[in-house]
Amino acid sequence: MEQDPNCIFCRIAAGQIPCAKVLEDEAALAFLDIGPLAEGHVLLIPKGHYQTLDRMPPEAAAAMLRHLPALAKAVQTATGCQGLNVLQNNGRVAHQVVMHVHFHLIPRNPGDEFHFNWPAGKYPPGRAEELARLTRQNL
Ligand code: 5GP
Ligand code: ZN
């Protein structure tokens, strides 16, 4: 399993830096985010070092993501939140700061401080089909 000795999440996964641990197995680790967007904000990471999701082998992604449903339920029950966002940032432009894949589980409640700008657009005729075809070709 690849590790980066300069990566903060690799060091947490290796037990070199402490964390408030929620779940651990041979492939994945979940722990509380040190700078929570809401109380109970959890991070789920693979133990291997992959900078972004597109670089992950599907087996490593599956071994991590199999925990997501149970984690989502546990975070909701533990915090009593009404909803939950799962967020995964890839690349600096997408607000990724720690360059080791991680999924945020962010508890949500009415009137909380976490806001999205969600500028939904509209496709001109044919453009959605063209983009679907291009994306299919790159799978
Ligand atoms: P990103 O913006 O890369 O998606 O989010 C990185 C997250 O990692 C941030 O929410 C930040 O608070 C969290 N984080 C960074 N360093 C540490 C750390 O040493 N321990 C823990 N528990 N969380 C960290
Ligand atoms: Zn790492």
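This report walks through the fold, a zinc site and a few individual residues of one protein model.

## Ground rules

The model is predicted, so local features need pLDDT of at least 70 and side-chain atom pairs count only at pLDDT 80 or more, while totals for chains, interfaces and linings use all residues. Residues are numbered from 1 along each chain as its sequence is written, chains are lettered from A and ligands numbered from 1 in the order in which they are written, and side-chain values use heavy atoms, with hydrogens and water left out.

## The overall fold

Let's start with the big picture. The protein has four helices and five strands; here helices (H or I, at least four residues) and strands (E, at least two) are DSSP runs, numbered from the N terminus. Reading from the N terminus, the order of elements is α-β-β-β-α-α-β-β-α. The C-alpha trace covers about 55 × 40 × 25 Å along its principal axes.

Of the 139 residues in the protein, 37% are buried. Buried means under 20% relative accessible area, exposed means over 50%, and partly exposed is in between (1.4 Å probe, protein chains only). Take the contacts (heavy atoms within 4.5 Å) between residues at least 6 apart in sequence: 54% of them join residues at least 24 apart.

## Surface and charge

About 9,100 Å² of the protein is exposed, and carbon and sulfur atoms supply 56% of that area. Accessible areas come from the Shrake-Rupley method with a 1.4 Å probe, and for residues only the protein chains shown count as cover.

As for charge, the protein has 12 positive and 13 negative charges, and their mean positions are 5 Å apart. Lys and Arg count as positive and Asp and Glu as negative, with His and the chain ends not counted. Each charge is placed at NZ of Lys, CZ of Arg, CG of Asp or CD of Glu.

## The zinc site

Now for the metal. Cys7 (SG), Cys10 (SG), His49 (ND1) and His100 (ND1) are the protein donors of the zinc ion (ligand 2), at 2.0 to 2.3 Å from it. Donors are N, O and S atoms within 2.8 Å of the metal (3.2 Å for Na, K and Ca), and water is not among the atoms, so sites may look incomplete. The arrangement is tetrahedral because the four donor atoms subtend angles of 105 to 117°; four donors count as tetrahedral if all angles lie between 85 and 135 degrees. The ideal angle for four tetrahedral donors is 109.5 degrees.

Along the chain, the zinc donors are spaced as C-x2-C-x38-H-x50-H. Cys7 and His100 link distant parts of the chain, 93 residues apart: Cys7 is in the segment before helix H1 (8-13), and His100 is in the loop between strand E4 (83-87) and strand E5 (103-108). Both Cys7 and His100 are buried.

## Strand E5 and what it touches

Leu105 sits in strand E5 and counts as buried because its relative accessibility is 0%. Leaving out residues up to four places away in sequence, Leu105 touches Gly40, His41, Val42, Leu44, Leu68, Leu71, Ala72, Leu84, Asn85 and Val86.

Two of those partners are worth a look. His41 lies in the loop between strand E2 (28-32) and strand E3 (42-46), and it counts as buried because its relative accessibility is 1%. Beyond its neighbours within four places in sequence, His41 has contacts that include Phe31, Leu32, His104, Leu105 and Pro107. Asn85 belongs to strand E4; with residues up to four places away set aside, its partners include His104, Leu105, Ile106 and Phe116.

## Two residues with more exposure to show

Arg11 is in helix H1. Arg11 is partly exposed because its relative accessible area is 34%. Not counting neighbours within four places in sequence, Arg11 is in contact with Pro5, Gln16 and Ile17. Its C-alpha atom is 9.7 Å from that of Lys47, a residue 36 places away along the chain.

His95 is in the loop between E4 and E5, and it counts as exposed because its relative accessible area is 61%. His95 is not a glycine, yet has a positive phi of about 75°. Most residues other than glycine have a negative phi.

Note on methods. Four donors count as tetrahedral if all angles lie between 85 and 135 degrees; four count as square planar and six as octahedral if opposite donors are over 155 degrees apart and all others between 65 and 115; anything else is irregular.
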